[in-house]
Amino acid sequence: MMISRLLGFLYGDGWVYYNERGEYYEVGFQQSLKNRDIYEYYKKLVIKLTVTKYFRERVRRGKIELVIYDNTIYKLLKTVKSNPTEYFRSLSNEEKLMFIAGFTDADGYIGSTEVAIYDSNRSLLNEICSHLKNLGIKCVVSRNKSIWRLRIRSKESINIFLNLIPHIKIRPPPPGQTP
């Protein structure tokens, strides 16, 4: 189940790369140094869940980056990124909650008056919103400039979300800015 959380996070903040000349597979992510708690959590999760222990860490321009050299996680994330909506539909209810948790850690924020997840894939956000509605969480997907946003605004729905979805607390961005 934790693999679903990792894949949700990597779908939002990660990348995949295959180097044909060197014949190696890369999966990576980076976080701002101010989000080191998120970085450390997912670094530990990657090390725990991957077969290989080959990885590279580096800090540059106020960000910390982790690159993992692992064929298995590469193939999994490549599948998720190729059709995230279908991948999400294929998960069990518990796995869906974990995917949402990772995705929220990557591309969302949790504030006292709102929970939001941003992505360019409207279909995925609609599918997540539909699943959340089945759990009694009121949410809506709307356009936000050039991307889509899933929003949860009611206090009751935010509380249900916080009780169902494990999360690393993310501070909301300043007014008028998106994460």
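In this predicted model, G28 stands opposite V67 of strand β4. That pair belongs to the ladder between β2 (residues 24-32) and β4 (residues 63-68), two antiparallel strands joined by 6 bridges. Zooming out a little, β2 and β4 are part of an open, antiparallel sheet of 4 strands, laid out in the order β1-β2-β4-β3. The edges go to β1 (14-19) and β3 (55-60); each has a single partner strand, so one side of each is left without a neighbour in the sheet. On average, and with direction ignored, neighbouring strands here are turned by 20 degrees against each other.

Helices also pack on this sheet. Helix α1 touches β1 and β2, and its direction makes about 80 degrees with that of β2. Helix α3 (residues 71-82) lies across β1 and β2 too, this time running at about 120 degrees to β1.

Apart from its sheet contacts, α1 has a helical partner. Helix α1 (residues 2-13) packs against helix α2 (residues 36-49) at an angle of about 130 degrees, and the two axes sit 10 Å apart. With the window for roughly perpendicular ending at 115 degrees and roughly antiparallel starting over 145, the pair α1 and α2 is therefore classed as oblique. As for handedness, α1 passes α2 in a left-handed crossing. On the α1 side, the contact is made by M2, I3, R5, L6 and F9, which meet I38, Y41, Y42, L45, V46 and L49 of α2.

One of those α2 residues deserves a closer look. I38 lies in helix α2, and its relative accessibility comes out at 2%, so it counts as buried. For a sense of scale across the model, I38 and G136 are 98 residues apart in sequence, with 28 Å between their C-alpha atoms.

Further along the chain there is another open sheet, again with 4 strands and antiparallel pairing, in the order β5-β6-β8-β7. Here β5 (108-110) and β7 (140-144) take the edges, and since each has a single partner strand, one side of each is left without a neighbour in the sheet. The twist from one strand to the next averages 20 degrees.

Inside this sheet, β6 (residues 115-119) and β8 (residues 147-152) pair in the antiparallel sense over 5 bridges. Two of the residue pairs can be picked out: D119 has W148 of β8 as its bridge partner, and I117 stands opposite L150, also in β8. Two helices pack on the sheet as well. Helix α5 (residues 93-107) touches β5 and β6, with its direction at about 80 degrees to that of β6. Helix α7 (residues 155-164) touches β5, β6 and β8, and its direction makes about 95 degrees with that of β8.

On its other flank in the strand order, β8 neighbours β7. These two strands pair in the antiparallel sense, and 5 bridges hold the register; among the paired residues, V140 has R151 in β8 as its bridge partner. The β7 and β8 hairpin leaves 2 residues between the strands, and K145 takes a positive phi near 60 degrees there.

Helix α5 also packs with α6, at an angle of about 125 degrees and with the axes 11 Å apart. That value makes α5 oblique to α6, and the crossing is left-handed. The contact list reads N93, K96, L97, F99, I100 and F103 from α5, against L124, L125, I128, H131 and L132 from α6.

Finally, the covalent side of things. Searching the whole structure turns up 1 disulfide, which joins C129 to C139 with an S to S distance of 2.4 Å. The torsion about the S-S bond is about 120 degrees, so the disulfide is right-handed. The cysteines are 10 residues apart and link distant parts of the chain: C129 is in helix α6 (residues 122-134), while C139 is in the loop between α6 and β7. Both C129 and C139 are buried.

Key: Residues are numbered from 1 along each chain as its sequence is written. This is a predicted model: local features need pLDDT of at least 70, side-chain atom pairs count only at pLDDT 80 or more; totals for chains, interfaces and linings use all residues. Side-chain values use heavy atoms; hydrogens and water are left out. Two strands pair if DSSP finds at least two bridges between them. Axes are lines fitted to C-alpha atoms, for helices over the stretch in contact, and angles run from 0 to 180 degrees between N-to-C directions. Contact means heavy atoms within 4.5 Å. A disulfide is a pair of cysteine sulfur atoms within 2.5 Å. Buried means under 20% relative accessible area, exposed over 50%, partly exposed in between (1.4 Å probe, protein chains only). Angles under 35 degrees count as roughly parallel, over 145 as roughly antiparallel, 65 to 115 as roughly perpendicular and the rest as oblique. A crossing is left-handed if the near helix is turned anticlockwise from the far one by less than a right angle, and right-handed if clockwise.
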